[in-house]
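Let's walk through this model together, from the overall fold to a few individual residues. Please keep the viewer open as you read.

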Amino acid sequence: MKCRACTRKAVIKLPSHNSAFCPDCFDRFVLSQVGRAIEERSMIAPGDHVLVAVSGGKDSLALWEILMRLGFRTTGFHLDLGIGDYSRESRSHVESFASRHGLPLTIESLRDEVDGSVSDIARATRRPACSGCGLSKRYFFNRTALRTGATVLATGHNLDDEVSRLFGNLLHWHDEYLAKNRPDLPSLEGLSKKVKPLVRLTEKEMATYAFLRKIPYVLQECPHSADAKQLLYKKLLNEVEAASPGTKHAFLFGFLDRIDRFYPEGSPPETKEEASGLAPDGRCEQCGEISWTPVCSFCRLKERVRTGLSEKR
Ligand code: SF4
Ligand SMILES: [Zn+2]
Ligand SMILES: [Zn+2]
């Protein structure tokens, strides 16, 4: 198999692009796809200060490295979830990456705010671990972006993440989530601008990039990931992609071409609960962060874990 760009030996075949690339041409391909995503959707402007949410996985560390190579000013943010060995290994990869490249890094620990781990949150709320974990991450990411004065918050979601999310939201017609199923969300009062510059690249492409660039990342899976529905959706979508290359890209970007027509209101609240609450510029009585209800969902989660009460939503 030869590289389509220079005829050297190819190391990766990309059926959806009808291409195969050698390491050097693949590197150029990845940088150009990220640059194109940023430019097409005005994700990051020169002079922006980007807070990169880094979990310790391949996507977020590769994103941080790519943004650095593209010349953006970045600070990493890692939330230590307190999930045993998985979190210890994740944190150590993030710290090593930051020190190797001399990049600023902020770390916070979920346990400093919540009286327990992700598993304790799941038990107290009687909801899947990923639900409380996702809520906590959104809260910490937004709060840290605002506190550090970052103008953009970037996460390492790739094409597969975004397509599987869209697929799940469509299966259940979650309008409130579909309206936000985009790789760029503008900043609002109390809410940071959020972008996903890896949206044009697949999981396989990101794993290849991390390997070729010798970026060490956490290899073990989060012990809760097996419960995530997203894995099933990704498996199904990969089968469709194998039979018809390019489907994932066409599905997501076809939706993004139509999203303003489907959801012309712009950025509605993220959950039904928020939609039924106060004005979007309301503040949580307890923590002072943006909230659609008198006490924000994160502070209510903390309280639930603390008292050990479980309420059905
Ligand atoms: S798999 Fe779920 S619990 Fe684990 S880090 Fe991801 S969102 Fe959190
Ligand atoms: Zn080549
Ligand atoms: Zn709060």
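## A guided tour of the fold

The protein chain holds 12 helices and 8 strands, where helices (H or I, at least four residues) and strands (E, at least two) are DSSP runs, numbered from the N terminus. The chain has a radius of gyration of 20 Å, close to the 20 Å that the globule rule gives for 313 residues, so it is as compact as a globular protein of that length. Here the radius of gyration is taken over C-alpha atoms, and the globule rule is 2.2 Å times the number of residues to the power 0.38.

Before going on, please note that this is a predicted model, in which local features need pLDDT of at least 70 and side-chain atom pairs count only at pLDDT 80 or more, while totals for chains, interfaces and linings use all residues. Residues are numbered from 1 along each chain as its sequence is written, and chains are lettered from A and ligands numbered from 1 in the order in which they are written.

Measured out along its principal axes is one way to picture the chain: the C-alpha trace spans about 65 × 45 × 40 Å. Of the 313 residues, 36% count as buried, a term for residues with 20 or more other C-beta atoms within 10 Å of their own; exposed residues have 12 or fewer, partly exposed ones fall in between, and C-beta atoms are placed from the backbone. Among contacts between residues at least 6 apart in sequence, 66% join residues at least 24 apart. Two residues are in contact if their C-beta atoms, placed from the backbone, lie within 7 Å.

Now turn to the interior. In soluble globular proteins, nonpolar side chains tend to be buried together. The largest nonpolar core has 66 residues, of which Val-50, Val-52, Leu-63, Leu-67, Leu-153 and Ala-154 touch the most other members. A nonpolar core is a set of buried Ala, Val, Leu, Ile, Met, Phe, Trp, Tyr and Cys residues joined through C-beta atoms within 7 Å. Take Leu-153 as an example: beyond residues up to four places away in sequence, Leu-153 touches Leu-51, Ala-53, Phe-141, Ala-145, Ser-192, Lys-193 and Lys-194.

Two of those partners, Phe-141 and Ala-145, are among the buried residues of helix H5. H5 has 20 residues and reaches 28 Å from its first C-alpha to its last, close to the 28 Å expected at 1.5 Å a residue; the expected span is 1.5 Å times one less than the number of residues in the helix. The buried residues of H5 pack against strand E3 (49-53), strand E4 (73-80), strand E5 (105-109), helix H4 (118-125), strand E6 (152-154) and helix H12 (297-307). After H5 comes Gly-149, with a positive phi near 75°.

Which helix gives the largest share of the shell around ligand 1? It is H5 (residues 129-148), with 4 residues. The full set around the ligand is Leu-81, Val-118, Ala-129, Cys-130, Cys-133, Gly-134, Cys-222, His-224, Ser-225 and Ala-228. A residue is near a molecule if its C-beta atom, placed from the backbone, lies within 6 Å of it. The shell divides into 7 nonpolar, 3 polar and no charged residues, where Ala, Val, Leu, Ile, Met, Phe, Trp, Tyr, Cys and Pro count as nonpolar, Asp, Glu, Lys and Arg as charged, and the others, Gly among them, as polar.

Helix H6 (residues 159-171) is another good stop. H6 has 13 residues and reaches 18 Å from its first C-alpha to its last, close to the 18 Å expected at 1.5 Å a residue. Its buried residues include Leu-159, Val-163, Leu-166 and Phe-167, and also Asp-160, Asp-161 and Glu-162. The buried residues of H6 pack against H8, helix H9 (229-243) and helix H10 (247-262).

Next, look at the backbone angles. Most residues other than glycine have a negative phi, and most peptide bonds are trans. Trp-173, in the loop between H6 and helix H7 (175-178), has a positive phi near 45°. Trp-173 is exposed, with 8 other C-beta atoms within 10 Å. Lys-214, in the loop between H8 and H9, has a positive phi near 55°, and with 6 C-beta neighbours inside 10 Å it counts as exposed.

In that loop between H8 and H9 you will also find Ile-215. Is Ile-215 exposed or partly exposed? With 17 C-beta neighbours inside 10 Å, Ile-215 counts as partly exposed. Not counting residues up to four places away in sequence, Ile-215 touches Lys-58, Leu-61, Ala-62, Glu-65 and Ala-210.

Ala-210 itself lies in helix H8 (residues 203-212) and is partly exposed, with 18 other C-beta atoms within 10 Å. Leaving aside its neighbours within four places in sequence, Ala-210 is in contact with Lys-58, Leu-61, Ala-62, Ile-215 and Tyr-217. The C-alpha atoms of Ala-210 and Glu-65 are separated by 9.5 Å, although these residues are 145 residues apart along the chain.
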